[in-house]
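Here's a quick tour of one metal site and one residue elsewhere in the chain. Have the model open as you read.

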Amino acid sequence: MADDCIFCKIRNGEIPSEILHSDDDCFVIRDINPLAPTHLLVIPNRHFAQLSELGTEPNPAFAGIFAAARAMAEREGVADSGYRLIINQGIDGGQEVMHLHMHLLGGKPLRGLGLG
Ligand code: 5GP
Ligand code: ZN
């Protein structure tokens with residue numbers, strides 16, 4: 001928990017937001033500024049600012065995060081049509097919220113990586 005973190009505040013109810021899914025590892029919300037018909041954020045419960053804070057040991061929570069992403073893709077009806085998972089890491093990665101999270105985008109064809 002970081003006091004000034006939007007995602008921690010959403011998780012503990014300080015900022016009202018629809019929680020679509022929640023488990024021991026992570027929770028899922030809709031992105032406030034969707035870039036595709038389905039645009040979800042899969043957010044670890046534990047506050048890590050970025051990947052570099054995870055340490056060197058494999059982190060079991062990450063298996064849960066990918067499992068939640070797969071389950072949410074099914075629920076959103078994009079599992080068969082396909083979807084994209086993105087982690088923006090650090091300044092050059094375009095990370096805006098410094099609580100590690102994974103974007104799940106789908107519901108339309110996503111061409112290329114759209115970088116630039
Ligand atoms: P980043 O660039 O850090 O990977 O992505 C952060 C994402 O969080 C952005 O896509 C932004 O639209 C989303 N976001 C920022 N603040 C809020 C918020 O208060 N609620 C929700 N649902 N999404 C947010
Ligand atoms: Zn946080």
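## Two buried zinc ligands

Start with Cys8, which is buried at a relative accessible area of 4% (buried is under 20%, exposed over 50%, partly exposed in between, with a 1.4 Å probe and protein chains only). His99 is buried too, at 0%.

Both residues are protein donors of the zinc ion (ligand 2), along with Cys5 and His47. The cysteines use SG and the histidines ND1, at 2.0 to 2.3 Å from the ion; donors are N, O and S atoms within 2.8 Å of the metal (3.2 Å for Na, K and Ca), with water not among the atoms, so sites may look incomplete. Cys8 and His99 link distant parts of the chain, 91 residues apart: Cys8 sits in helix α1 (residues 6-11), His99 in the loop between β4 (83-86) and β5 (102-106). Helices (H or I, at least four residues) and strands (E, at least two) are DSSP runs, numbered from the N terminus.

## Site geometry

The 4 donor atoms make angles of 103 to 116°, so the site is tetrahedral (four donors, all angles between 85 and 135 degrees). Along the chain, the donor spacing reads C-x2-C-x38-H-x51-H.

## Over at Thr38

Thr38 lies in strand β3 (residues 38-44) and is buried, at 4% relative accessible area. The side chains of Thr38 and Glu76 share a polar contact of 3.0 Å (N or O atoms within 3.5 Å, one able to donate a hydrogen and the other to accept it; sequence neighbours count only if both atoms are side-chain atoms). Leaving out residues up to four places away in sequence, Thr38 touches Glu76, Val78, Leu104, Leu105 and Gly106 (heavy atoms within 4.5 Å).

## Ground rules

This is a predicted model: local features need pLDDT of at least 70 and side-chain atom pairs 80 or more, while totals for chains, interfaces and linings use all residues. Residues are numbered from 1 along each chain as its sequence is written, chains are lettered from A and ligands numbered from 1 in the order written, and side-chain values use heavy atoms, leaving out hydrogens and water.

How values were computed. Tetrahedral: all angles 85-135°; square planar, octahedral: opposite > 155°, others 65-115°.
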